[in-house]
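Here are a few exercises on how a sheet is put together. Grab a pencil and try each one before reading its solution.

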Amino acid sequence: MSAGKPEIVLLFARAANGVIGSDGDIPWHIPGEQRRFKEMTMGTPMVMGRKTFDSFPKPLPGRRHIVLTRDRAWQKDGAEVVHGIEAAIETADALSISVIGGGDIYRLFEPIADRIELTHVDLAPEGDARIDAPDPVRWREAKREDFPANGDVPAYSYVTYLRRD
């Protein structure tokens, strides 16, 4: 394993009502968000749950897909299967790890995460996957870039949070 603890980065988009997904999909489209996600995760191992992995048409190029699942029999091409946080970190063996979802995986990694890269979407859609906003007792906003609504695209913000020490 890499020397010391790796930087653990949670990356997610969250609506104002906490929704992060609906039926395995994202209930909005923001131009450029996928490009930003690609830039932030390229070259890093990505840790995700099985449902998140299954939501991709195929594994994303240039990144390892470490899938954390309770299902001991589950396997898929392109997935490195693990069954716990420690195993995910050990398997990643990297200086930085991108944790990309879903909600249960975010909740598992949040207590040890160092940074959150959040796209805050100014919508309140229906959805079956939710996550709480970063707790201001544990997280401080370090950077924000706001974008106004434009036609069918809702207002949104790219926000970086750093763990308070």
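**Exercise 1.** Find how many bridges join strand E7 to E10, and in which sense the two run.

*Solution.* Start with the pair itself: E7 (residues 115-121) and E10 run antiparallel, joined by seven bridges. Strands here are DSSP runs of E, at least two residues long, numbered from the N terminus (helices are H or I runs of at least four). Two strands count as paired if DSSP finds at least two bridges between them. Next, pick out one contact: Ile116 has Tyr161 in E10 as its bridge partner.

This is a predicted model, so local features need pLDDT of at least 70 and side-chain atom pairs pLDDT 80 or more, while totals for chains, interfaces and linings use all residues. Residues are numbered from 1 along each chain as its sequence is written, and side-chain values use heavy atoms, leaving out hydrogens and water.

**Exercise 2.** Now work out which strand E10 joins through eight bridges, and whether E10 is enclosed or open.

*Solution.* E9 (residues 139-147) is joined to E10 by eight bridges, again antiparallel. Within that pair, Asp146 sits opposite Ser157. Then check burial, where buried means under 20% relative accessible area, exposed over 50% and partly exposed in between (1.4 Å probe, protein chains only). Six of the eight residues in E10 (residues 156-163) are buried, so the rest of the structure largely encloses this strand.

**Exercise 3.** Put the eight strands of the open sheet in order and name the edges.

*Solution.* The order reads E5-E4-E3-E6-E1-E7-E10-E9, with mixed pairing. E5 (79-82) and E9 are the edges: each has a single partner strand, so one side of each lacks a neighbour in the sheet. For a parallel pair, take E3 (residues 46-49) and E4 (residues 65-68), with four bridges; Gly49 faces Leu68 there.
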